[in-house]
Amino acid sequence: MILSPSLFAANAGRLDEEIAQVEQAGAEYLHIDVMDGMFVPNLSFGYNILSGIRKNSRLFFDVHLMIEKPERFLDPFIREGADGVTVHYEATDTLDEIAKTCREENVKFGVALCPKTPVSVLEPWAGVLDILLIMSIEPGFGGQPFMPEAVPRIREASALRNKKNAHFLISVDGGVNPKTAPLCREAGADILVAGSSVFRARDRKVALELLRG
Ligand code: DX5
Ligand code: ZN
């Protein structure tokens, strides 16, 4: 199981310290939410944040672009240190080009699906995908409750992977906590993204252990 604490829930006044804590506590990835106020009704980090935090962390930077036409900003995110870039299926018409850029730049290629987007839309890309991200909330805000409908969708993603003989990892994002994590794990998730349940916990190490199960 790969754990990807979501930086959006961290204390923005001391990001380096927050990141170091989850790194020491055993997280594998760091999930970085990018919002543009258009694709989602909220704003968050830009790529400048990456250049700042990249110097002090060896975590895999798992960048989640919740922005319209993410192809416009792929290059700067890669340049500033993203290890994986996940774009929304709903936000772009250029998945093939994005996949190609990621492959050329040796960066993992991820696609995220909002709760209402059928998993089957990704069938044509199953072979080139590195990460399939199932949203278990409507994107835009942390701290929302987990949508149970995500569980059968994780199973569907897993079935798609088998059917296509593909190798992508299945990630789940939104409302993941010690109660909902077992449902995701049992359904076949490989990566758990968790904001509030990690950064709002008093002991991050315990929080991560609880998610890992
Ligand atoms: C929401 C973001 C999530 C969010 C998760 O749009 O994509 O990554 O930070 O936060 P929690 O774990 O608090 O639901
Ligand atoms: Zn996210």
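This section describes the metal site, the ligand surroundings, two helices and several individual residues of a predicted model.

The zinc ion (ligand 2) is held by four protein residues, namely H31 through NE2, D33 through OD, H64 through ND1 and D173 through OD, at 2.1 to 2.3 Å. The site has 6 donor atoms, the angles among them run from 72 to 171 degrees, and the geometry is octahedral. Along the sequence, the donor residues follow the spacing H-x1-D-x30-H-x108-D. H31 belongs to strand 2 (residues 29–35) and H64 to strand 3, and this pair, 33 residues apart, links distant parts of the chain. H31 is buried, at 1% relative accessibility. H64 is likewise buried, with a value of 0%.

Ligand 1 is surrounded by 21 residues, of which G140, D173, G175, G195 and S196 come nearest. Two of the zinc donor residues, D33 and D173, also approach ligand 1 through polar atoms. For D33, a side-chain N or O atom is 2.8 Å from an oxygen atom of ligand 1. For D173, the distance between a polar side-chain atom and an oxygen atom of ligand 1 is 2.7 Å. G175 takes part through its backbone, a polar atom of which lies 2.8 Å from an oxygen atom of ligand 1.

The zinc donor H64 also has a histidine partner. The side chains of H88 and H64 form a polar contact at 3.0 Å. A further polar contact, at 2.9 Å, joins the side chain of H88 to that of E90. H88 is located in strand 4 (residues 84–88). Its relative accessible area is 0%, so H88 counts as buried. Beyond four places in sequence, the residues that H88 touches are F39, H64, L65, M66, A112, L113, C114, M135 and P139.

Strand 1 contains I2. With a relative accessibility of 18%, I2 falls below the 20% limit and is therefore classed as buried. When neighbours within four places in sequence are set aside, the contacts of I2 are with E28, Y29, L169, D190, I191 and L192. The C-alpha atom of I2 is 9.7 Å from that of G26, although the two residues are 24 positions apart along the chain. G26 follows helix 1 and has a positive phi near 110 degrees.

In helix 1, the buried residues are L15, E18, I19 and V22. These residues span an arc of only 95 degrees around the axis and therefore lie on the same side of helix 1. The elements that cover them include strand 1, strand 2, helix 2 (47–54), helix 7 and helix 8.

Helix 8 (residues 204–212) has R204, A207, L208 and L211 as its buried residues. Here too the arc around the axis is only 95 degrees, which places these residues on the same side of helix 8. Among the elements covering them are strand 1 (2–5), helix 1 (15–24), helix 6 (181–187), strand 8 (191–194) and helix 7 (196–199). Helix 1 and helix 8 thus each appear in the cover of the other's buried residues. At the N-terminal end, helix 8 is capped by D203, a side-chain oxygen of which lies 2.9 Å from the backbone nitrogen of K205. Just past the other end of the helix, G213 adopts a positive phi of about 75 degrees.

Backbone angles were also examined outside glycine. Most residues other than glycine have a negative phi. K69 departs from this pattern, with a positive phi near 45 degrees. K69 is placed in the loop that joins strand 3 (60–66) to helix 3 (74–79). The relative accessible area of K69 is 47%, so this residue is partly exposed. N106 likewise is not a glycine, yet its phi is positive, at about 60 degrees. The loop between helix 4 (95–105) and strand 5 (108–113) holds N106. N106 is classed as exposed because its relative accessibility is 72%, above the 50% cut-off.

Terms used
Residues numbered from 1 in each chain as written. Chains lettered and ligands numbered in written order. Predicted model: local features only at pLDDT ≥ 70, side-chain atom pairs only at ≥ 80, totals over all residues. Heavy atoms only, no water. Buried < 20%, exposed > 50% of the residue type's maximum accessible area, 1.4 Å probe, protein only. Helix = DSSP H or I, 4+ residues; strand = E, 2+ residues; numbered from the N terminus. Arc of directions from axis to C-beta. Contact = heavy atoms within 4.5 Å. Polar contact = N/O pair within 3.5 Å; in protein donor to acceptor, adjacent residues only side chain to side chain. Donors = N, O, S within 2.8 Å, 3.2 Å for Na, K, Ca; no water. Tetrahedral: all angles 85-135°; square planar, octahedral: opposite > 155°, others 65-115°. Near = heavy atom within 4 Å.
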